[in-house]
Amino acid sequence: MSEGEEIRVVTFDERFAADFARLNYRWIEEHFRIEPHDRELLDAPLGQMVEPGGEVFFGLADGAVAGTVAMVRTDADTYELTKMAVDPEFQGRGIANHLMRACIDLATADGV
């Protein structure tokens with residue numbers, strides 16, 4: 001992380017939905033292959049993850065989307081951490097640590 005760079009984690013905002021898809025499509029295509037279920041989640045994060053009780057977090061570095069992760073609610077007692085990606089330009093700056101902390105805090109606050 002560069003000197004003075006502000007890292008901030010925010011919850012889902014429709015303005016960042018395209019970044020959620022962009023970062024995750026890039027990562028999946030690089031390491032695996034896109035499957036139909038990936039498209040369902042990545043193309044409609046609000047309806048597929050947030051509205052059913054989950055959350056999508058965005059790590060912002062000086063206001064730019066640097067990374068993202070989703071928490072899908074699978075039942076009343078369980079979240080599944082999914083679709084985590086950090087833009088290669090921002091890797092090595094602790095973005096993933098900030099995103100993981102937000103996931104842990106969400107699960108803890110919900111008593112999961």
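The following exercises, with worked solutions, concern the sheet, two helices and the salt bridges of a predicted model.

Residues are numbered from 1 along each chain as its sequence is written. In this predicted model, local features need pLDDT of at least 70 and side-chain atom pairs count only at pLDDT 80 or more, while totals for chains, interfaces and linings use all residues; side-chain values use heavy atoms, with hydrogens and water left out.

**Exercise 1. The sheet**

Task: Determine the strand order of the open sheet and identify which strands stand at its edges.

Solution.
- Step 1. Helices (H or I, at least four residues) and strands (E, at least two) are DSSP runs, numbered from the N terminus. Two strands pair if DSSP finds at least two bridges between them.
- Step 2. The four strands of the open sheet follow the order 1-2-3-4, and their pairing is antiparallel.
- Step 3. Strand 1 (7–10) and strand 4 are the edge strands; each has a single partner strand, so one side of each lacks a neighbour in the sheet.
- Step 4. From one strand to the next, the twist averages 20°, where axes are lines fitted to C-alpha atoms (for helices over the stretch in contact) and angles run from 0 to 180 degrees between N-to-C directions.
- Step 5. Four bridges join strand 1 to strand 2 (residues 55–61) in the antiparallel sense, and V10 stands opposite F58 in strand 2.
- Step 6. Helix 1 lies across strand 2, strand 3 and strand 4, at about 85° to strand 3.

**Exercise 2. The buried face of helix 2**

Task: State which residues of helix 2 are buried, and explain how they are arranged about its axis.

Solution.
- Step 1. Buried means under 20% relative accessible area, exposed over 50%, and partly exposed in between (1.4 Å probe, protein chains only).
- Step 2. Within helix 2 (residues 36–43), the buried residues include D38, L41 and L42.
- Step 3. Viewed down the axis of helix 2, the buried residues fall within an arc of 95°, so they line one face of the helix. The arc is that of the directions from the helix axis to the C-beta atoms.
- Step 4. P36 and D43 are exposed, on the face of helix 2 turned away from its buried side.
- Step 5. Helix 1 (17–31), helix 3 (45–50) and strand 4 (78–86) are the elements against which the buried residues of helix 2 pack, contact being heavy atoms within 4.5 Å.

**Exercise 3. Salt bridges**

Task: Locate the salt-bridge partners of R22, D110 and D105.

Solution.
- Step 1. A salt bridge is a side-chain nitrogen of Lys or Arg within 4 Å of a carboxyl oxygen of Asp or Glu. The structure holds seven salt bridges.
- Step 2. R22 meets D87 at 3.3 Å, N to O. This pair links distant parts of the chain, 65 residues apart: R22 belongs to helix 1, and D87 to the loop between strand 4 and helix 4 (95–109). R22 is partly exposed at 37%, whereas D87 is buried at 9%.
- Step 3. D19, R22, R26 and D87 form a network of salt bridges.
- Step 4. D110 and R73 meet at 3.2 Å, N to O. D110 lies in the segment after helix 4 and R73 in strand 3 (residues 64–75), so the pair ties together parts 37 residues apart in sequence.
- Step 5. D105 forms a salt bridge with R101, with 3.2 Å between the closest N and O atoms. These residues are four apart in helix 4, which means a separation of about one helical turn. D105 is partly exposed at 40%, and R101 is partly exposed at 45%.
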